[in-house]
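Please open the model in the viewer and keep the selection panel at hand. The stops below indicate what to select next and what is to be found there.

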Amino acid sequence: MESVPAVIVAIDGPSGTGKSSTSKAVAAQLGLSYLDTGAQYRAITWWMVTNGIDIDDPSAIADAAGKPEIVSGTDPERPTITVDGTDVAGPIRTQEVTAKVSAVSAVPEVRARITELQRSLAAGATRGIVVEGRDIGTTVLPDADLKIFLTASPEARAARRSGELKGADVNATREALIKRDAADSGRKTSPLAKADDAVEVDTTELTLQQVVECVVTLVEEKRAGK
């Protein structure tokens, strides 16, 4: 079997656009590694909360940023994340962590630490990798082979997210998403932004399968041209 060139794919966008589901499915279909960078920020936030670090004090967060050991498994079928050897896949999805992750993520020392982790995982992915997040195409992997920016209307995103959060209030979810977008887009260090050379895909009217097919096609075209 001829070897396929490794391809690094950056998928960015706000929450509720289908980033995780799309990225996992594309990676699985194409035999690539997969990295959920949001889970890493959630993991460091979970560690801060668990260890009583004051989330309202950026200097306290900065001082602690290097302490936890965060390990991400990159198998798209079974992505894992541990902090100091503890499986935190469940705990990092709690409302408490969700409410605090933007504040922790905005601290430059945290971003520097996690960005370094992300780059080393991408560099070590021999067959290529799909990396999803908010600043992958702009900051973490500016030389990615393919950059995709997913968007969707706030209403569609809230409906999806409240479906994930079982019984959550759609309006409250929509307000929380808009607030998070503002925090992520407005932060000084690595804001949520679309790279100039990213392909924008609006997922509002698309099924997950249609989004996956669209992205797989883009990746295959990029591979063919390498």
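Select Arg134 in this predicted model. Its relative accessibility is 12%, and because buried means under 20%, Arg134 counts as buried. Now add Asp184, whose side chain meets that of Arg134 in a salt bridge, at 2.6 Å from N to O. Asp184 lies in helix α8 (residues 170-186), whereas Arg134 sits in the loop between β6 (128-133) and α6 (136-140), so the pair ties together parts that are 50 residues apart in sequence. Asp184 has a relative accessibility of 1% and is likewise counted as buried.

Keep Asp184 selected and display Arg187. These two residues also form a salt bridge, with their closest N and O atoms 3.2 Å apart. Arg187 is buried, at a relative accessible area of 8%. Add Arg180 to complete the view: salt bridges with shared partners join Arg134, Arg180, Asp184 and Arg187 into one network.

Stay on helix α8 and select Asp181. Which residue forms a salt bridge with Asp181? The partner is Arg157, and the closest N and O atoms are 3.0 Å apart. This pair links distant parts of the chain, since Asp181 belongs to helix α8 and Arg157 to helix α7 (residues 154-164), 24 residues apart. Both Asp181 and Arg157 are buried. Across the structure as a whole there are twelve salt bridges.

**The cavity**

Next, select Gly38, Tyr41, Arg111, Arg134 and Arg180. Of the 13 residues lining the largest cavity, these lie nearest its centre. The space inside the largest cavity amounts to about 110 Å³, and a search of the whole structure finds one cavity of 30 Å³ or more. Colour the lining by class: three residues are nonpolar, four polar and six charged. Then colour by element: α2 (37-50), α4 (95-105) and α8 each supply at least two lining residues, and the largest share, three residues, comes from α2.

**Helices α2 and α5**

Select α2 on its own. This helix has 14 residues and reaches 20 Å from its first C-alpha to its last, close to the 20 Å expected at 1.5 Å a residue. How many of the residues of α2 are buried? Eleven of the 14 are, and the helix is thus mostly covered. Among the buried residues are Tyr41, Arg42, Trp46 and Trp47.

Move to helix α5 (residues 108-123). It has 16 residues and spans 22 Å between its first and last C-alpha atoms, close to the 22 Å expected at 1.5 Å a residue. Its buried residues are Val110, Arg111, Arg113, Ile114, Thr115, Leu117, Gln118 and Ala122. Arg111 is also one of the residues nearest the centre of the largest cavity.

**The pocket**

Now select Ser15, Arg42, Arg93, Arg161 and Glu164. Of the 49 residues that line the largest pocket, these are the closest to its centre. The volume of the largest pocket is about 1300 Å³. By class, its lining comprises 17 nonpolar, 20 polar and twelve charged residues. Highlight α8 once more: it provides the largest share of this lining, six residues.

**Helix α1**

Select residues 19-30, which form helix α1. The helix has twelve residues and reaches 16 Å from its first C-alpha to its last, close to the 16 Å expected at 1.5 Å a residue. Display Lys19, Thr22, Ser23, Val26, Ala27 and Leu30, the buried residues of α1. They cover an arc of only 120° around the axis, which puts them on the same side of α1. Turning the view along the helix axis is a convenient way to inspect this arrangement.

**Two backbone positions**

The last stops concern phi. Most residues other than glycine have a negative phi. Select Asp84, in the loop between β4 (80-83) and β5 (86-87). Asp84 has a positive phi of about 50° although it is not a glycine. With a relative accessible area of 43%, Asp84 is partly exposed.

Finally, select Ser190, in the loop between α8 and β8 (199-202). Phi of Ser190 is near 45°, again a positive value in a residue other than glycine. Is Ser190 buried or exposed? Ser190 is buried, with a relative accessible area of 11%.

Notes. Residues numbered from 1 in each chain as written. Predicted model: local features only at pLDDT ≥ 70, side-chain atom pairs only at ≥ 80, totals over all residues. Heavy atoms only, no water. Salt bridge = Lys/Arg side-chain N within 4 Å of Asp/Glu carboxyl O. Helix = DSSP H or I, 4+ residues; strand = E, 2+ residues; numbered from the N terminus. Buried < 20%, exposed > 50% of the residue type's maximum accessible area, 1.4 Å probe, protein only. 1 Å grid on protein atoms, 1.4 Å probe; cavity = no way out; pocket = protein on both sides within 12 Å on 5 of 7 lines; lining within 4 Å. Points joined across faces, edges and corners; volume = space filled by probe spheres on them. Nonpolar A, V, L, I, M, F, W, Y, C, P; charged D, E, K, R; others polar. Expected span 1.5 Å × (residues − 1). Arc of directions from axis to C-beta.
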